[in-house]
Amino acid sequence: MASLSPTLKENVRKAYDNIAVEYAEWTKPSYPTRVGYLQKLLAYLPPSPVEKSVLELGCGSGQPCTTILDSNPSLKVTANDISPVQLALAAQNLPSKNVSLIEGDMMELSFEDHSFDAVIAMYSIIHLPREEQVTLLERMYKWLKPGAFFLANFSAGPEFERSFDKHWLDGTDGEVFWSSWGEERTCEILSSIGFELVLREVVVDIEEEKGEGREVPFLWLLGKKADN
């Protein structure tokens with residue numbers, strides 16, 4: 001899979017560039033779930049005189065979560081996405097324009113240890129090959145400050161190594177990729193890295209494509225890094 005990674009990432013970028021506007025519309029039914037979990041995370045980040053740093057991986061068009069983060073003056077937000085078209089949409093949608101937007105593969109990001117009070121990744125880590133998911137989670141643990149939090153969702157169905165779709169959401173360029181360790185193994189990986197799982201829930205999304213709806217379960221996890 002490692003040898004496929006550059007082409008895989010390029011294809012994912014092309015695909016999301018191609019469907020960026022449609023994807024932003026398609027995700028609206030998931031807004032209540034996204035916002036609900038974001039609020040649960042923010043409850044662990046009470047206002048303080050010291051600005052808190054938040055990293056969002058896979059921010060898409062910035063709706064709804066990056067916009068909510070951007071509207072909070074006590075937060076310093078860094079948002080990443082592989083798709084420049086999606087980031088252009090985010091730049092238009094963000095109210096204060098104070099978010100630092102970073103284009104590129106999340107696996108290419110580099111930050112100092114203990115840089116963030118929270119890391120958020122909604123519907124994004126699932127686009128990485130499984131071994132890269134583990135590597136990224138290990139890096140996230142280092143990027144977080146002691147006692148800090150991460151919020152992410154993963155596939156909750158049976159584990160699978162790879163799934164491709166060249167025409168997802170009627171796309172005409174690139175190819176979307178997904179992979180999953182499955183619910184139990186994902187939780188085991190996070191615990192082995194050192195995260196305490198504060199919240200673990202499965203939520204079923206109803207995804208519509210070509211006029212048909214299907215149930216897709218996602219594992220939502222709120223994790224905490226050890227205090228020391």
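This report walks through the cores, one helix, the cysteines, some backbone geometry and the main pocket of a predicted model.

**Nonpolar cores**

Nonpolar side chains tend to be buried together in soluble globular proteins. In this model the largest nonpolar core has 40 residues. L38, L41, L69, M122, W168 and W220 have the most contacts inside it. Helix 1, residues 5-26, gives this core its largest share, six residues. Another core lies apart from it and has 30 residues. Among them are F116, Y141, A156 and C187.

W168 deserves a look of its own. Leaving aside residues up to four places away in sequence, W168 touches Y16, I19, Y23, W26, V176, W178 and E209.

**Helix 6**

Helix 6 spans residues 183-193. Its buried residues are T186, C187, I189, L190 and I193. They sit on the same side of helix 6, because they cover an arc of only 155 degrees around the axis. An α-helix has 3.6 residues a turn, so residues three or four places apart point the same way.

What lies over that buried side? The cover includes helix 5 (130-143), strand 5 (144-155), strand 8 (196-209) and strand 9 (212-224). After helix 6 comes G194, with a positive phi near 130 degrees.

**Cysteines**

How many disulfides are there? The count is zero. A disulfide needs two cysteine sulfur atoms within 2.5 Å. For C65, the closest cysteine sulfur is in C59, 10 Å away, so the two are too far apart for a bond. C65 is buried, at a relative accessible area of 3%. C187, on helix 6, is also buried, with 5% relative accessibility.

**Backbone geometry**

Most residues other than glycine have a negative phi, and most peptide bonds are trans. Three sites in this model are worth checking against that background.

The peptide bond from Q63 to P64 is cis, its omega being near 0 degrees. P64 belongs to the loop between strand 1 (52-57) and helix 3 (65-70).

K97 and L169 are the next two sites. K97 has a positive phi and is not glycine. The phi of L169, not a glycine either, is positive too. The table sets out their values.

| Residue | Phi | Loop location | Relative accessible area |
|---|---|---|---|
| K97 | near 60 degrees | between helix 4 (84-93) and strand 3 (100-103) | 47% |
| L169 | about 55 degrees | between strand 6 (160-165) and strand 7 (176-180) | 3% |

Are these two residues buried or exposed? K97 is partly exposed, because its relative accessible area is 47%, which falls between the 20% and 50% cut-offs. L169 counts as buried, because its relative accessibility is 3%, under the 20% limit.

**The largest pocket**

Rolling a probe the size of a water molecule over the atoms shows where empty space is left. The largest pocket has a volume of about 600 Å³. It is lined by 31 residues. Closest to its centre are W26, E207, R214, V216 and F218.

Which elements build the lining? At least two residues each come from helix 1, helix 2 (31-42), strand 6, strand 7, strand 8 and strand 9. Strand 8 gives the most, with six residues.

Some elements recur. Strand 8 and strand 9 help cover the buried residues of helix 6, and both also supply lining residues to the largest pocket. Helix 1 contributes to that lining and to the largest nonpolar core. W26 is in contact with W168 and is one of the residues closest to the pocket centre.

How values were computed:
Residues are numbered from 1 along each chain as its sequence is written. This is a predicted model: local features need pLDDT of at least 70, side-chain atom pairs count only at pLDDT 80 or more; totals for chains, interfaces and linings use all residues. Side-chain values use heavy atoms; hydrogens and water are left out. Buried means under 20% relative accessible area, exposed over 50%, partly exposed in between (1.4 Å probe, protein chains only). Helices (H or I, at least four residues) and strands (E, at least two) are DSSP runs, numbered from the N terminus. The arc is that of the directions from the helix axis to the C-beta atoms. Contact means heavy atoms within 4.5 Å. A nonpolar core is a set of buried Ala, Val, Leu, Ile, Met, Phe, Trp, Tyr and Cys residues joined through side-chain atoms within 4.5 Å. On a 1 Å grid over the protein atoms alone, a cavity is a set of points where a 1.4 Å probe fits but cannot get out, and a pocket is an open set with protein on both sides within 12 Å along at least five of seven lines; lining residues have an atom within 4 Å of a point. Grid points are joined across faces, edges and corners, and a volume is the space filled by probe spheres set on the points.
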